[in-house]
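The exercises below are meant to be worked with the structure in view. Try each task before reading its solution.

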Amino acid sequence: MPNFLVTNVRSIALKIDEFETVLKLNDVDCACLTESWLADDILTCCIEIPGYMTFRRDRNDGRKGGGVLCYVRNNFQCVQLKDFECDNVESLWLLYRANKMPRQVSHIFVGIIYHPPNVNSNVTVTHIIDCIYKISRKHPQVGIVLVGDFNRMNDRCIVSFPLKKLVKGATRGNNILDKIYSNINRYFKTPIVLPPIGTSDHR
């Protein structure tokens, strides 16, 4: 199972050196970031990290902030599923398959979601469930890993899919906003909550 890191980074461009150090110190295989704060004028080459592929999806509605970003080790067989994206949800979807996988798991489907405050939960949840159904029809034994900053999104339908919540420690103040949901939780160790990166207020 890849070693995941999930965080709300609040501007990766300003913290790229510190973030690279965090990746190396924690031996991270797949880093999933929300609030990347990237835009067209920030080239991907400016935020690349040696040894990792970079997948980004910037907020494109004219508002500043937001965006999702993922770094995956170069030797991982991973592709971005752009046809799973929709205009009204900040999401990034990846499909991963190793040469050796558990017998019960054919692929790992990774969804990185940023659900801003005061956004309609039904829109985000419907998008997530649609994507899960779509990949499950193609790969019935797919392992699902859904991560990101969900703020106060109503996740009843996601949990009843069923996906299990893995993060137990607070990630912002006393709240668990940065979450991991999965249907292959038996392959995960208990997540560790690390300090914030730079001036971010998320752990």
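**Exercise 1.** Find which residue stands opposite Q80, and place the strand that holds this partner among its neighbours.

*Solution.* The model is a predicted one, and the pairing is read from it step by step. Q80 stands opposite L94, a residue of strand 6. Strand 5 and strand 6 are antiparallel to one another and are paired over 3 bridges. On to the next pair: strand 6 is joined by 7 bridges to strand 7, residues 108–114, and these two strands also run antiparallel. Within that pair, L95 has F109 of strand 7 as its bridge partner. In general, the strands of a sheet pair through backbone hydrogen bonds, in either a parallel or an antiparallel way.

**Exercise 2.** Decide how many residues of strand 6 are buried, and sort them by the direction in which they point.

*Solution.* A residue counts as buried when its relative accessible area is under 20%. By this cut-off 7 of the 7 residues of strand 6, residues 90–96, are buried, so the strand is largely enclosed by the rest of the structure. In a regular strand, side chains alternate between the two faces of the sheet. Accordingly, E90, L92, L94 and Y96 point one way, while S91, W93 and L95 point the other way, and all of them are buried.

**Exercise 3.** Work out the order of the strands in the open sheet, and name its edge strands.

*Solution.* The open sheet has 6 strands in the order 5-6-7-8-10-9, and its pairing is mixed. Its edge strands are strand 5 (78–80) and strand 9 (164–165), each of which pairs on one side only. At the strand 9 edge, the partner is strand 10, residues 178–182, and the two pair in the antiparallel sense over 2 bridges. There, K164 stands opposite S182 of strand 10.

**Exercise 4.** Look for backbone features that depart from the usual pattern, and say where they lie in the chain.

*Solution.* Most residues other than glycine have a negative phi, and most peptide bonds are trans. A cis peptide bond is found between F161 and P162, with an omega of about 15°, and P162 sits in the loop between helix 3 (156–159) and strand 9. Turning to phi, S11 is not a glycine, yet its phi is positive, about 95°; this residue belongs to the loop between strand 1 (4–8) and helix 1 (16–25). D27, also not a glycine, has a positive phi of about 50° and belongs to the loop between helix 1 and strand 2 (30–34). As for their surroundings, S11 counts as buried because its relative accessibility is 6%, whereas D27, at 48%, counts as partly exposed.

**Exercise 5.** Judge whether the radius of gyration of the protein agrees or disagrees with that of a compact globule.

*Solution.* With 203 residues, a compact globule would have a radius of gyration near 17 Å, and the protein has 16 Å, which agrees. The C-alpha atoms fill a box of roughly 40 × 40 × 35 Å along the principal axes. Buried residues make up 52% of the 203 residues. Of the contacts with a separation of 6 or more, 63% are between residues 24 or more positions apart. Finally, the protein has 3 helices and 10 strands, which run from the N terminus as β-α-β-β-β-β-β-β-α-β-α-β-β.

Conventions
Residues are numbered from 1 along each chain as its sequence is written. This is a predicted model: local features need pLDDT of at least 70, side-chain atom pairs count only at pLDDT 80 or more; totals for chains, interfaces and linings use all residues. Side-chain values use heavy atoms; hydrogens and water are left out. Helices (H or I, at least four residues) and strands (E, at least two) are DSSP runs, numbered from the N terminus. The radius of gyration is taken over C-alpha atoms; the globule rule is 2.2 Å times the number of residues to the power 0.38. Buried means under 20% relative accessible area, exposed over 50%, partly exposed in between (1.4 Å probe, protein chains only). Contact means heavy atoms within 4.5 Å. Two strands pair if DSSP finds at least two bridges between them.
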